[in-house]
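Welcome, and please open the model in your viewer. We will go from stop to stop, with something to select at each one.

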Amino acid sequence: MARWRLSRLRPKARVNREREPMAQTGFSPNPMKLPPFFEEDRLAVDAQLEKLLPAESMQPPSIHTAMRYSVFAGGKRIRPILCLESARIFEAEVSPALYPGCAIEFIHTYSLIHDDLPALDNDDLRRGKPTSHKKFGEATAILAGDALLTLAFEMIAAAPVAAERRVAMVTEIASAAGTVRGMVGGQVADLEAEGKPVSPEMLEYIHRSKTAALIRASITSGALCAAAPVDDVARLRRFGETIGWAFQVTDDILDVEESSAVLGKTAGKDIAQQKATYPAVYGLERSHQIAKELADRAIAELDTYGERAVRLRAIAEFLVLRRA
């Protein structure tokens, strides 16, 4: 098996170069701009998060304050919005999908809190603000992450849909967050790969597990919540897996090309920690090509839905053309 040694890329000048629009994909010529419906969805998600999270005044207030701090510290709400827009392909009324969507946002936030801890990525900045352990201490940060993970599954169980759909969503999301081709498994492999030779196959496994799995679950859960047929769930699972993979390749690129101020987190840490990333293994030019190829493949899965998937397609384009 061919193996690739991580390049000794150095965080000197950031590239931040202008990029050509993606050809022959229908991608938007303005990669910086979110689609107009996105803000409407984000407000609906934030309102639901506000309802589902315990108030800061509830006992014990310290943990609830820390949970709310990290959930409301910023973020685009990509995962719950993907859940909503996947459901919208099959149902006009998508409010039930707010439950699994917000649950996934809780899981995503817990993973960020724990990732930032000194024992893992040891980061001081997240979404432009001090990380949870810097604000509240390590013990409270760990427990805030634990509490958000637990709350997530309570919220899936509370979704106002048939019991069999709730069970299917629990299975999908728990698997995506776990160790077998899931987020935790990918994070373990990512840690173990630091500073070591890494094969293209292992690099793919890390990216498809630590990031793509939860994005896949967001999209699949929306379809399950809306009672999508089995074939459609499978098609959207393929879409989610591939666009989530492209999303993480883009994240790798942005860590090299953008500043901490733009990203809202410490830039250049992948290089400093000798992480297994696409720019380190393939270089920036090829990494851009790979992200485009993955996006093309993912978006092709939506062709069968025509105009019903226009919103999901627009988000997919943004995930690869974003600059933060």
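## Stop 1: a loop with a cis bond

Start by selecting Pro60, which sits in the loop between H1 and H2. Keep in mind as you look around that this is a predicted model. Add Gln59 to your selection: the peptide bond from Gln59 to Pro60 is cis, with omega near -10°. Most peptide bonds are trans.

## Stop 2: the helix after that loop

Now select residues 61–71, which form helix H2. Is H2 largely enclosed by the rest of the structure, or largely open? It is largely enclosed, because eight of its eleven residues are buried. To find the buried residues of H2, pick out Ile63, His64, Ala66, Met67, Arg68, Tyr69, Ser70 and Val71. What do they pack against? Show helix H1 (37–52), H4, strand S2 (129–130), helix H5 (132–136) and helix H6 (138–157), and you have their partners.

One of those partners, H5, holds Ser132. With a relative accessibility of 5%, Ser132 counts as buried, since the cut-off is under 20%. Leaving out residues up to four places away in sequence, Ser132 touches Ser70, Ile113, Gly137 and Ala141. Draw a distance from the C-alpha of Ser132 to that of Asp116 as well: the two residues are 16 apart in sequence, and the distance should read 8.0 Å.

## Stop 3: the whole protein

Zoom out for a moment. The protein has 15 helices and two strands. Of its 324 residues, 52% are buried. Turn on a surface and you will see about 14,100 Å² exposed, with carbon and sulfur atoms supplying 54% of that area. Among contacts with a separation of 6 or more, 76% are between residues 24 or more positions apart.

## Stop 4: the nonpolar core

Go inside next, to the largest nonpolar core, which has 85 residues. Which residues have the most contacts inside it? Select Phe106, Leu236, Phe239 and Ile243 to see them. The largest share of this core comes from helix H9 (residues 200–225), which gives eleven residues.

Center the view on Phe239. Setting aside neighbours within four places in sequence, its contacts are Ile219, Ala298, Ile299, Glu301, Leu302, Leu312 and Ala316.

## Stop 5: along helix H9

Stay with H9 and select Thr211, which is found in this helix. Thr211 is buried, with a relative accessible area of 9%. Not counting residues up to four places away in sequence, Thr211 touches Ile206, Gly244, Phe247 and Gln248.

Now bring in helix H3 (residues 78–88), and look at how H3 and H9 pack: the angle is about 35°, and the axes are 7 Å apart. The crossing of H3 and H9 is right-handed. On the H3 side, select Arg79, Leu82, Cys83, Ser86 and Ala87; on the H9 side, select Leu214, Ile215, Ser218, Ile219, Ser221, Gly222 and Ala223. Color this contact by class and you will find seven nonpolar, four polar and one charged residues.

## Stop 6: helix H8 and its loops

Select residues 183–192 to show helix H8, whose buried residues are Met183, Gly185, Gly186, Gln187, Ala189 and Asp190. These buried residues pack against helix H4 (98–115), helix H7 (163–177) and H9.

On one side of H8, in the loop between H7 and H8, you will find Arg181. Arg181 is exposed, with a relative accessible area of 57%. Check its backbone too: phi is positive, about 55°, although Arg181 is not a glycine. Most residues other than glycine have a negative phi.

On the other side, Lys196 lies in the loop between H8 and H9. Is Lys196 buried, partly exposed or exposed? At 45% relative accessibility, it counts as partly exposed. Select Lys275 together with Lys196: they are 79 residues apart along the chain, and their C-alpha atoms are separated by 8.6 Å.

## Last stop: the loop after H9

Finish at Ala227, in the loop between H9 and helix H10 (230–257). Ala227 has a positive phi, near 60°, and is a residue other than glycine. With a relative accessible area of 44%, Ala227 is partly exposed.

Methods
Residues numbered from 1 in each chain as written. Predicted model: local features only at pLDDT ≥ 70, side-chain atom pairs only at ≥ 80, totals over all residues. Heavy atoms only, no water. Core = buried A, V, L, I, M, F, W, Y, C linked by side-chain atoms within 4.5 Å. Buried < 20%, exposed > 50% of the residue type's maximum accessible area, 1.4 Å probe, protein only. Helix = DSSP H or I, 4+ residues; strand = E, 2+ residues; numbered from the N terminus. Contact = heavy atoms within 4.5 Å. Axes fitted to C-alpha atoms, helices over the stretch in contact; angles between N-to-C directions. Left-handed = near helix turned anticlockwise from the far one by under 90°. Nonpolar A, V, L, I, M, F, W, Y, C, P; charged D, E, K, R; others polar. Areas by Shrake-Rupley, 256 points an atom, 1.4 Å probe, with all protein chains shown as cover.
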